[in-house]
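Student: I'd like to go through this one by asking how each label is earned. Can we put the values next to the cut-offs as we go?

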Amino acid sequence: MNDLLLEAQGLRKTYGDRVAVDGVTFHVRAGEAYGLLGPNGAGKTTTISMICGLLARDGGDVHIGGRSMNGDAMSAKELIGYVPQDIALYPDLSAIENLRFWGQLYGLGGKRLAERCAAVLALVGLGDRSRDKVSSFSGGMKRRLNIAVALLHEPRLLVLDEPTVGVDPQTRNAIFESVEALKHDGLGVLYTTHYMEEAERLCDRIGIIDQGKLIAEGTRRELVRAVGDRDRVVIGATGDRDALASTIGALEGVTSAHPSESGVEILCRDGRALLPRLVEAAVRSSAQITSVEVVEPDLEMVFLHLTGKALRE
Amino acid sequence: MNRVIRPALLIAVKDLRQRMRDRSALIVAFVAPLGIATIISLALGNTGRFHATFAVADQDGGPLARAFVDDALGAPALRDVVTVREVPSADEARALTVDGKVSAALVIPAGFTESLRTGGAASIHVLRSADNPVSGELAVAIATQFPPALARLVDGSVGVRDVKPASYFGPSMAIFFLFFVVEFGAIGILAERRTGTLARLLAAPISREAVVVGKAISTFALGALSLGTMTVATTLLLGASWGDPTAVVALIASVVLAAMGITALTATFASSEQSAGAFSSIVSMGLAMLGGNFVPIAQAPEIMRTIALTTPNGLALRGFTDLVADGGGVESVLPYIAGILTFAVVTGTLAVARSRRLVVA
């Protein structure tokens, strides 16, 4: 097990009576991308803040590359490349000045610092803008530079906290490609997101976190299999969606039915066979049907199955 | 140590680079204090020292009345402080006072000399203006001390000590703006927290103390640079005197440390840059008003002069004016430096103790 880059064991964080993170345990291997998937406020950022040493833990242990964050925190931090959710750059400094500053903080200097700055600028496609102030960059360019800073010192574990929030599709794809390339080069990647599609595309293994607890973990296939042979049926509807969900929920073969913003989300066995009865029930109710869709099993369904609510609620 | 000093220096250099590119910071640190000191100095000109004009109506005309005008009001000690304007009647003296054309009026009634010769009671009437209470007090003091003694100034520091306006308002404005210059250190931590760079700093393999020390180094450097620039600029441009260079450096260093401690402690009670800036402004303005940054404290009532010496602003200003007026060296301002450093140590210690709640991601 010497390829273990991150071992998080029983992480716990409380704020007064509120438990933000409750006994979270997982690990990340070299060359593996691990996704922490959960809705906003689930405890993802708190978890990685404890892993990166930003936040004191109330319980649990963290080891990075075998180095304990308890006894050898500085040494452990050297192995981490941290990409915060915010664009953590100095806008009044140029790209190269930002990179030099952060690189020097990680002990780089001289020729090696210059080489690494050039390398990461090339990696994120900003080589020709290195002398420009960050304040003159577009949002996407700032996001890319934000990642470049974390890669300067050649970390072994890259921690990205929702790096695609608020970015355009082109930048999002660029970030995906960078992460995939880094993973291919042997980096361990810890990636938090509340976008199911990102977790499915990028992550080899996924931990689903909700209300501070890691409620499921595995590959996408393993997680979907855990739901069994259930289907997710999404009925778009206007009107009394609560009543519609209640009516459908009472049907035989329906595991659960929850009102959503645009209709009702249903978890059931053999969705296609059940579809006529679902529509009939919907017609009987006062709601007006606008669409019906049977969705193949996915992480959204897993989350719905495990928590009884949609991922983005 | 390598986890503290080296990153602290890197953070300090980065901060200074940012500040030097911030036009508003340069204005507060260099342009504003010099500009306002220049305006005040030019506006006051040679009248920056206390000066009063007294209207005198001599209705007695006797030798003792003449002696009061020539010897008491015209005493050598008052030559640069008091100008006497003799008028023919009490009504005219009153009118000049009401119109603000003189600082106060003294009316010597008929029979004044005769009354004193025969051992009787004699009085001089003083007409004071509410707009000029200090001059009124001076007129009363001179009148009540005649005879037999010649008049003396109530407060020697007002008129006897020769401190040019530029020599007072140079340090005065520099100290006032210093608080706004150094507040960026503590507020900068809040700004870094808001933008996420503090989280990134804390994720780096450096100690948490490095962030605080780095901010302190850059803050001290900029504060000292601001005061040092004011020293040179007011000397060259306004002809200000600052006194013994070693003592000036010691006073500058101590007052910068005190300002840093006070603004840092203030910031620890704030939850955002805006509230920290507001708290800091209130404290800075309060200390400036109490410390005599806006009005020469020597012209204020006794209680205000005492209160001024309980503020770092007042102690520093007193130290700077003492250096100019008395020509002493660093030993002459050691008591002031000790007082200022007490502020620095107490507020700085409390600020560091409370910084744990500030330096968090």
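Tutor: Sure. This is a predicted model, and the mean pLDDT of chain B is 83, with 91% of its residues at 70 or more.

Student: Where in chain B is confidence lowest, and where is it highest?

Tutor: The low end is helix 7 (residues 156–159) of chain B, with a mean of 32. The high end is helix 9 (residues 197–203) of chain B, at 95. Also, residues 148–161 of chain B stay under 50, and the model has 30 contacts beyond four places in sequence for them. Where pLDDT is low, the predicted coordinates should not be read in detail.

Student: What does the predictor say about the complex?

Tutor: An ipTM of 0.82 and a pTM of 0.74.

Student: Now the labels. Why is B:Ala57 called buried?

Tutor: Buried means under 20% relative accessible area, and B:Ala57 has 0%, so the label fits. B:Ala57 sits in strand 1 (residues 52–58) of chain B. Leaving aside neighbours within four places in sequence, its contacts include B:Val87, B:Leu106 and B:Ile108.

Student: What makes A:Arg205 and A:Glu217 a salt bridge?

Tutor: The N and O atoms have to be within 4 Å; in this pair the closest ones are 3.7 Å apart, so the pair qualifies. A:Arg205 is in strand 9 (residues 205–210) of chain A and A:Glu217 in strand 10 (residues 213–218) of chain A, so the bridge ties together parts that are 12 residues apart in sequence.

Student: Which burial labels do A:Arg205 and A:Glu217 get?

Tutor: A:Arg205 has 14% relative accessible area, so A:Arg205 is buried. A:Glu217 has 36%, so A:Glu217 counts as partly exposed, given that exposed starts over 50%.

Student: How do you know that A:Arg232 and A:Asp298 are a salt bridge?

Tutor: Their N to O distance is 3.3 Å, which is within the 4 Å limit. A:Arg232 is in strand 11 (residues 230–238) of chain A, and A:Asp298 is in the loop between strand 14 (288–295) and helix 11 (299–307) of chain A, so this pair ties together parts 66 residues apart in sequence. Both A:Arg232 and A:Asp298 are buried.

Student: Why are B:Arg318 and B:Asp322 said to be separated by about one helical turn?

Tutor: Because they are four residues apart in helix 14 (residues 312–326) of chain B. They form a salt bridge too, with the closest N and O atoms 3.4 Å apart. B:Arg318, at 32%, is partly exposed, whereas B:Asp322, at 9%, is buried. Elsewhere, salt bridges that share partners join B:Lys14, B:Asp15, B:Glu192 and B:Lys215 into one network.

Student: How many salt bridges does a search of the whole structure find?

Tutor: 27 over all chains.

Student: How do you know that A:Lys77 has no salt bridge?

Tutor: The nearest side chain of opposite charge is B:Glu209, and that is 9.7 Å away. The limit is 4 Å, so A:Lys77 goes without, although A:Lys77 is buried. A:Lys77 lies in helix 2 (residues 73–77) of chain A, and the residues it touches include A:Tyr106, B:Leu202 and B:Pro205.

Student: Which domains does the assignment give chain A?

Tutor: Domain 1 (4–79 + 155–224), domain 2 (91–149) and domain 3 (229–296). The C-alpha centres of domain 2 and domain 3 of chain A lie 51 Å apart.

Definitions and conventions. Residues are numbered from 1 along each chain as its sequence is written. Chains are lettered from A and ligands numbered from 1 in the order in which they are written. This is a predicted model: local features need pLDDT of at least 70, side-chain atom pairs count only at pLDDT 80 or more; totals for chains, interfaces and linings use all residues. Side-chain values use heavy atoms; hydrogens and water are left out. Helices (H or I, at least four residues) and strands (E, at least two) are DSSP runs, numbered from the N terminus. Buried means under 20% relative accessible area, exposed over 50%, partly exposed in between (1.4 Å probe, protein chains only). Lys and Arg count as positive and Asp and Glu as negative; His and the chain ends are not counted. Contact means heavy atoms within 4.5 Å. pLDDT is the predictor's confidence in each residue, from 0 to 100. Domain bounds come from an automatic or database domain assignment.
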